[in-house]
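Subject: Structure handover

Hello,

Here is the structure I promised to pass on. Please open it beside this email as you read.

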Amino acid sequence: MSAAATEIPYDMEPHPLTRMYNGKFGIWLFLASEIMLFGALFSSYVLLRVGAPEGTWPIIGAPTVLGHEILNVPLAALNTVILISSSVTMLMSWYYLKENKFSRGQFFLLMTVLLSCGFLVVKYFEYNSKLHHYLVEFDAPLVVDGEQVSYSRTYPTAEGERTVHYLHGHITETVKDEDGYVEYYKFAADARKPDHGHAHDDGADHGDSHAGAHPEIELRPSDYRRMSNWGPAGSTFTGIYFTLTGLHGLHIVGGVVVMVYFLLTGGSMWKKLPDKYANRIECTGLYWHFVDLVWIFLFPVLYLL
Amino acid sequence: MSDHSHDLPFWKKYIFSVDHKMIGIQYTVTALVFLAIGFGMMLVMRYQLAYPNQPIPVIGQFLGEPIVAAVENPDTGETGYVLTGDGYNSFGAMHGTIMVFLAIVPLAVGGFGNFVLPLQCGAPDMAFPRLNMASYWTYLPGGILMMFGFFVKGGAANSGWTSYPPLATIATTGQTIWLLGMVILITSSLLGSVNFIVTVVQLRAKGLSFFRLPFFAWAQLVTAFLLLLAFPPLEAAGVLQLMDRVAGTSFFDPGGLIVSGVEQNTAGGGSPLLWQHLFWFLAHPEVYVLILPGLGIISEVIANNTRKPLWGYKSLVYSAIFLGFMSFIVWAHHMFMTGMGTTLSTFFQATTMIISVPSVIILTCLIISLWGASIRFTVPMLFALAFLPMFGIGGLTGLPLGLTASDIHLHDTYYVIGHFHYVVAPGTIFAMFAGIYYWFPKATGRKMNEWLGRIHFAGSFVFINAVFMPFFFMGMASVLRRQFDQTETLHGAAVQGLSVMSTWGAFGLAAFQLPFVFNFFWSIFAGERVGANPWHATTLEWSAPSPPPHGNFLSEPVVACGPYEYSVPGEAEDYTMQSPPPATA
């Protein structure tokens with residue numbers, strides 16, 4: 001064999017045993033590995049949720065108990081539609097390449113890229129609202145102008161009962177002293193949702209009187225025990241939410257990078273090896289459907305259950 | 001090296017090579033360097049353990065803060081450099097990490113797997129040559145990043161190679177580097193394992209059915225599946241711990257953690273045990289990643305040097321597959337002492353006893369293969385013969401650890417260290433040496449020097465036992481692992497002599513690696529020239545020229561028989577090659 005002998009068998013044609021060419025078999029193995037990656041994270045979600053002390057899931061002191069009440073279900077539903085559509089356009093791209101219609105194939109590949117960018121834009125708005133929503137925990141009820149503004153919840157822990165006083169809202173302004181340290185935050189507390197009727201909410205909170213109101217409070221760092229947004233550090237729920245959706249988002253970005261590469265360079269490869277190019281789009285598509293599938297699991301697990 | 005190359009420029013041939021043989025050699029050399037670094041760290045630690053708080057001779061002054069601290073000798077006024085507790089912890093964590101993830105696995109899988117596997121399959125190269133290059137060029141930066149940890153504030157990772165939270169969560173920046181390095185290394189191993197599986201399944205030569213594959217190829221195939229499926233959970237765990245450290249989450253933190261008197265202001269609600277489950281879900285299959293390629297090499301060497309077929313080839317194959325499967329459901333036997341409950345402990349105790357059965361079958365098959373053979377005592381065979389009892393000791397001492405009752409006493413003692421080092425050091429590393437001596441002629445066209453090899457073997461064999469045998473007795477005397485100075489406890493001080501013995505064993509072992517290092521480099525240029533098949537072996541890699549050209553075989557190999565057709569009655573030679581080379585070769 002000469003130098004040409006380095007041509008790899010079954011690079012293009014299917015192997016009689018697996019009925020797949022090398023790349024397709026490889027991408028399936030890669031997806032098996034990905035299943036283990038996301039599987040481990042989903043398992044972690046289950047373990048964290050089952051192990052969470054009563055009343056702390058999804059977030060301590062949230063006036064809700066279900067994940068979907070702190071996440072935006074309509075936006076996620078929109079994203080589900082976008083992602084499923086992108087899987088369809090991905091498939092169309094491969095279909096037209098197999099039909100030998102290059103420009104149509106590329107058109108649908110471009111559609112897939114645009115849809116995935118749409119997904120990421122929606123995700124940006126979701127993340128942004130979480131990162132601007134703050135939860136403040138106090139050791140004692142917060143009283144402003146003789147009126148208690150914080151809510152409280154009591155839940156059992158290993159050491160006995162623990163009562164958390166908390167407030168949800170947004171920081172409207174951060175006032176710093178001359179040394180650059182935070183002097184106080186202007187904090188717009190959320191209106192209490194009128195009737196969620198949570199059994200764990202004790203009678204001490206008088207949220208109903210605040211319904212619809214947005215009291216602005218000055219919060220000094222010494223006033224509260226902990227302040228955190230609904231970002232990763234907010235609770236284990238928001239943590240695993242950001243980890244899972246963030247990792248999924250990275251997979252979307254990775255897919256987009258590959259597809260943009262094919263959009264830019266596909267023409268020259270198509271001229272030389274049209275079948276090989278179609279195969280590459282097929283492999284990209286398999287990966288893309290997997291990323292889609294992960295979202296199909298993420299959506300109910302995080303937003304609905 | 002002979003001039004079989006075509007007109008590739010230097011950097012394409014030796015640096016960014018897509019040839020599986022060059023990548024295999026790159027992996028081997030890099031992994032040997034990391035092996036030496038990990039070994040050097042161990043020597044420093046062993047010196048501290050034998051002579052607590054004494055200045056480290058010679059190299060102490062080069063280690064720097066915070067690994068060593070300068071102390072003045074009140075009698076002589078000389079400045080000495082003593083290993084600090086933090087430095088000891090860093091060295092301990094990095095010794096484990098380097099040996100497992102940067103030395104043994106890259107050597108066994110990246111090195112031998114890459115070089116030998118496509119040849120044994122009769123393939124011109126790996127299924128994805130460029131992915132293969134990417135795998136090496138992900139591994140090397142990952143390794144360098146890991147070592148870079150020593151140059152950040154607080155030194156390298158110092159929470160043990162297992163990185164248990166909450167200790168690892170609050171550790172110095174080195175731990176973040178460790179996690180990033182780990183993610184990169186996992187990516188490298190993923191690229192490699194996909195490549196290996198596709199190569200074995202799709203690129204086998206004509207006539208090379210699965211049950212004509214050499215056992216080494218089977219071992220690599222099972223290993224690749226373990227790497228493919230077991231590493232991602234560690235990647236998930238690494239991501240979660242990275243989030244805990246960088247983004248302030250509390251996945252492994254139940255809350256209320258107080259560090260240096262300050263309460264950590266986290267949300268809480270996490271579980272430290274979650275890390276252990278995710279970590280050991282990787283790290284137990286990892287044990288088989290460490291040993292299976294070694295068993296594969298030993299099988300090749302034993303069949304070749306006993307001049308008869310391996311006894312129970314199919315039993316070996318089925319055992320390796322069963323071992324791979326079972327290794328996914330034994331992980332929590334590392335966690336008997338975490339209080340996870342007797343039901344779980346009983347389950348994992350049972351699976352642990354079950355997984356010892358295929359290991360014993362493999363070892364038994366290899367021992368019976370020696371029966372009635374007229375053994376050629378070549379250097380690779382010497383290492384292979386030493387491997388068998390050493391791996392036996394390592395395996396059998398694992399049984400008391402797998403039983404919950406005896407594990408209560410032995411858990412986290414030196415006994416554990418003795419157990420897994422017997423599997424990995426005189427086990428896997430001896431297998432690696434056997435492999436290097438065995439396939440060196442294939443890679444270079446020259447043989448390594450026989451007598452230097454024998455000196456290397458004899459010294460290593462004696463001293464490696466002097467290093468690790470005392471650990472069992474220290475462990476049974478309840479000396480805890482990861483202890484900086486065992487003489488501070490009464491029971492530790494009582495067996496300090498064993499620790500000194502182990503340290504001197506380690507220095508002896510180091511001395512006897514010098515003939516190997518010399519032999520390795522000297523033989524590349526001046527070793528005895530040999531032909532394509534100096535060992536009169538049967539498997540496909542010996543049908544290619546030595547060293548094989550780009551594309552490997554001079555004519556497409558067609559396989560007519562099984563892998564170990566030695567001493568077939570009626571044949572002119574005592575070996576029948578799977579695919580005899582063309583007469584001109």
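Below is what was found, starting with chain A, moving to the place where the chains meet, and ending with chain B. Please keep in mind that this is a predicted model.

**Chain A overall**

Chain A has 305 residues, and 35% of them are buried. It holds 6 helices and 8 strands. Along the sequence, the order is α-α-α-α-β-β-β-β-β-β-β-β-α-α. So you can follow four helices, then eight strands, then two helices. Contacts that bridge long stretches of sequence are common here. Of the contacts in chain A with a separation of 6 or more, 69% are between residues 24 or more positions apart.

**A helix pair in chain A**

Look at helix α3 (residues 73-98) and helix α4 (residues 102-131) of chain A. Their axes come within 8 Å and cross at roughly 165°. An angle over 145° counts as roughly antiparallel, so α3(A) is roughly antiparallel to α4(A). The crossing of α3(A) past α4(A) is left-handed. Sorted by class, the residues in this contact are 16 nonpolar, 9 polar and 3 charged.

One residue to find in helix α3 of chain A is A:Y95. Is A:Y95 buried or exposed? Neither label fits: A:Y95 is partly exposed, because 16 other C-beta atoms lie within 10 Å. A:Y95 can also be placed against A:G105. The two are 10 residues apart in sequence, and their C-alpha atoms are 7.3 Å apart in space.

**Where chain A meets chain B**

How many residues of chain A are in contact with chain B? There are 39, and they are in contact with 39 residues of chain B. On the chain A side, α1 (22-51), β8 (226-229) and α5 (236-272) each supply at least two residues. The most come from α1(A), which gives 15 residues. By class, the chain A side has 23 nonpolar residues, 15 polar and 1 charged.

One helix pair spans the two chains. The axes of α5(A) and helix α7 (residues 215-246) of chain B come within 11 Å, crossing at roughly 125°. The two helices, α5(A) and α7(B), are therefore oblique to each other. Here α5(A) passes α7(B) in a right-handed crossing. From α5(A) come A:G239, A:T243 and A:L247; they meet B:V239, B:L240 and B:M243 of α7(B). That contact has 4 nonpolar residues, 2 polar and no charged ones.

**A hairpin in chain B**

Now turn to chain B. Strand β1 (residues 68-72) and strand β2 (residues 79-83) of chain B run antiparallel, joined by 5 bridges. In this pairing, B:V68 stands opposite B:L83 in β2(B). Together β1(B) and β2(B) form a hairpin, with 6 residues between them. In the turn, B:G77 has a positive phi of about 75°.

**A buried loop residue in chain B**

Where is B:A157? It is in the loop between α5 (129-148) and α6 (174-202) of chain B. B:A157 is buried, because 30 other C-beta atoms lie within 10 Å. Leaving aside residues up to four places away in sequence, B:A157 touches several others, among them B:S90, B:A93, B:M94, B:G149 and B:W178. B:A477 makes a useful reference point. B:A157 and B:A477 are 320 residues apart in sequence, and 29 Å apart in space from C-alpha to C-alpha.

**A helix pair in chain B**

The last stop is helix α11 (residues 379-396) and helix α14 (residues 414-444) of chain B. Their axes come within 8 Å and cross at roughly 165°. This means that α11(B) and α14(B) are roughly antiparallel to each other. Their crossing is left-handed. Residues of α11(B) in the contact include B:F383, B:F387, B:M390 and B:F391. Those of α14(B) include B:Y422, B:F430, B:F433 and B:Y437. By class, the contact of α11(B) with α14(B) has 18 nonpolar residues, 4 polar and no charged ones.

Best wishes

Definitions and conventions
Residues are numbered from 1 along each chain as its sequence is written. Chains are lettered from A and ligands numbered from 1 in the order in which they are written. This is a predicted model: local features need pLDDT of at least 70, side-chain atom pairs count only at pLDDT 80 or more; totals for chains, interfaces and linings use all residues. Axes are lines fitted to C-alpha atoms, for helices over the stretch in contact, and angles run from 0 to 180 degrees between N-to-C directions. Angles under 35 degrees count as roughly parallel, over 145 as roughly antiparallel, 65 to 115 as roughly perpendicular and the rest as oblique. A crossing is left-handed if the near helix is turned anticlockwise from the far one by less than a right angle, and right-handed if clockwise. Ala, Val, Leu, Ile, Met, Phe, Trp, Tyr, Cys and Pro count as nonpolar, Asp, Glu, Lys and Arg as charged, and the others, Gly among them, as polar. Two residues are in contact if their C-beta atoms, placed from the backbone, lie within 7 Å. Two strands pair if DSSP finds at least two bridges between them. A residue is buried if 20 or more other C-beta atoms lie within 10 Å of its own, exposed if 12 or fewer, and partly exposed in between; C-beta atoms are placed from the backbone.
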